[in-house]
Amino acid sequence: MRRKVTKAIFPVAGMGTRFLPATKSVPKEIMTLVDRPLVQYAIDEARAAGIKEFIFVTSRGKGALEDYFDHSPILEQTLRKKGKTALLETLKETNMESGAIAYVRQHQALGLGHAVWCARRLIANESFAVILPDDVIAAETPCLQQMVDAYSETGGNMVAAMEVPPEKTSSYGVLDVKDDMGSVVSVNGMVEKPKAEEAPSNLAVIGRYILEPSVLRNLNKLKSGSGGEIQLTDAIAQDIGSETPVYGYRFRGQRFDCGSKAGFLQATVAFALARDDLRDDLSRYLSSISHVSKAAE
């Protein structure tokens, strides 16, 4: 019987420079899609997958992120006195139990692999998940939950994967597929940010991983790779051909790259249109500006 995945690492040390000046004082991870911060979507997805321990790899200036998960007694008391029970329940969803969340500092921006390595002592010898809050995935069954279900059958290392246009492969880690079994593919190799003509496929790795502790041991030995950073994909690739196999998982859902302004805006519109209390007004507005645009043409 395979061990359950109960720990997840959230690398959130980046400075969010693409969203300046907003991120001068506000961590990008608590910028909101409609009325929920990016990080709340990641936490909710992790909880749905059975995660019990949440490890955040942070950096200087992320105090507001840490405060977000703390209790707010005065606010809760005010809502209770005013009988705003629905808002009180919404607020409770943001609270974390004492001891369930931990923060580790990444003092140098040396890449995703280095960020995961910083949490090694809190992982020890257990399987663990990695979630990148920038990648927000709208899915009927949360993406990480889909992966946990598949992992219970396969074991090994598993990365979420999606097909991208060939000209976009240089922005991703790309899988060299050995056997394609539908939702799950076994992997021959992984190439970080290859040129379109050099990419082994168009199946790209996105920000969800289930990893074995062997990856942390591999990170201990890694030097900087593509872009001068320590790449997580390089550490995972070292397990290929060993007793720890590597799989890609084609998840069911729509991924939004909220690390980009365009992706963030697209996600905001999509999540707002999915809300009963916002859909009608927003649809009318989008329809009106569409008519104006067509008239201008």
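So, helix H1: the buried residues there are Leu-38, Val-39, Gln-40, Tyr-41, Ala-42, Ile-43, Glu-45 and Ala-46. That makes eight of the 11 residues in H1, so the helix is largely enclosed by the rest of the structure. Keep in mind as I go that this is a predicted model. Right after H1 comes Gly-50, with a positive phi of about 95 degrees.

Now, where does H1 turn up again? In the lining of the second largest pocket, where H1 gives the largest share, five residues. Helix H10, residues 261-273, and strand E7, residues 135-138, each supply at least two residues there as well, as does H1. That pocket holds about 400 Å³ of space. It has 21 lining residues, and the closest to the centre are Arg-36, Tyr-41, Ile-137, Ala-138 and Phe-271. Tyr-41, you'll recall, is one of the buried residues of H1. What about the chemistry of the lining by class? For the second largest pocket we get 14 nonpolar residues, seven charged and no polar.

Okay, on to the largest pocket. How much space lies in the largest pocket? About 1500 Å³. Fifty residues would be a lot to read out, so here are the ones nearest the centre: of the 50 that line the largest pocket, they are Arg-18, Lys-28, Leu-112, Leu-132 and Asp-134. The elements giving two or more residues to that lining are helix H5 (112-118), strand E11 (203-211), helix H9 (232-237) and strand E13 (254-257). E11 has the largest share, with four residues. By class, the largest pocket's lining has 20 nonpolar, 17 polar and 13 charged residues.

Let me zoom out to the chain. We have 11 helices and 13 strands. The C-alpha atoms fill a box of roughly 60 × 55 × 40 Å along the principal axes. The radius of gyration is 20 Å, which agrees with the value near 19 Å that a compact globule of 297 residues would have. Of the 297 residues, 46% count as buried. If you take contacts between residues at least 6 apart in sequence, 74% of them join residues at least 24 apart. And the accessible surface is about 15500 Å², with 51% of that belonging to carbon and sulfur atoms.

Last bit: backbone oddities. Most residues other than glycine have a negative phi, and most peptide bonds are trans. So which peptide bond is cis here? The one from Leu-20 to Pro-21, with omega near 10 degrees. Pro-21 sits in the loop between strand E1 (7-11) and strand E2 (32-33).

For positive phi outside glycine, I've got two to show you. Val-34 has phi near 65 degrees, and this residue lies in the loop between E2 and strand E3 (36-37). Val-34 counts as partly exposed, at 28% relative accessibility. Then there's Ala-124, with phi near 60 degrees, found in the loop between helix H6 (120-123) and strand E6 (128-131). Is Ala-124 buried or exposed? Exposed, at 51% relative accessible area, and since the cut-off is over 50%, Ala-124 falls on the exposed side.

One more loop proline before I stop: Pro-166, between strand E8 (157-163) and strand E9 (173-180). Pro-166 is partly exposed, at 48% relative accessibility. From Pro-166 to Met-147 is 19 residues in sequence and 25 Å in space, C-alpha to C-alpha.

Notes:
Residues numbered from 1 in each chain as written. Predicted model: local features only at pLDDT ≥ 70, side-chain atom pairs only at ≥ 80, totals over all residues. Heavy atoms only, no water. 1 Å grid on protein atoms, 1.4 Å probe; cavity = no way out; pocket = protein on both sides within 12 Å on 5 of 7 lines; lining within 4 Å. Points joined across faces, edges and corners; volume = space filled by probe spheres on them. Nonpolar A, V, L, I, M, F, W, Y, C, P; charged D, E, K, R; others polar. Rg over C-alpha atoms; globule rule 2.2 N^0.38 Å. Buried < 20%, exposed > 50% of the residue type's maximum accessible area, 1.4 Å probe, protein only. Contact = heavy atoms within 4.5 Å. Areas by Shrake-Rupley, 256 points an atom, 1.4 Å probe, with all protein chains shown as cover.
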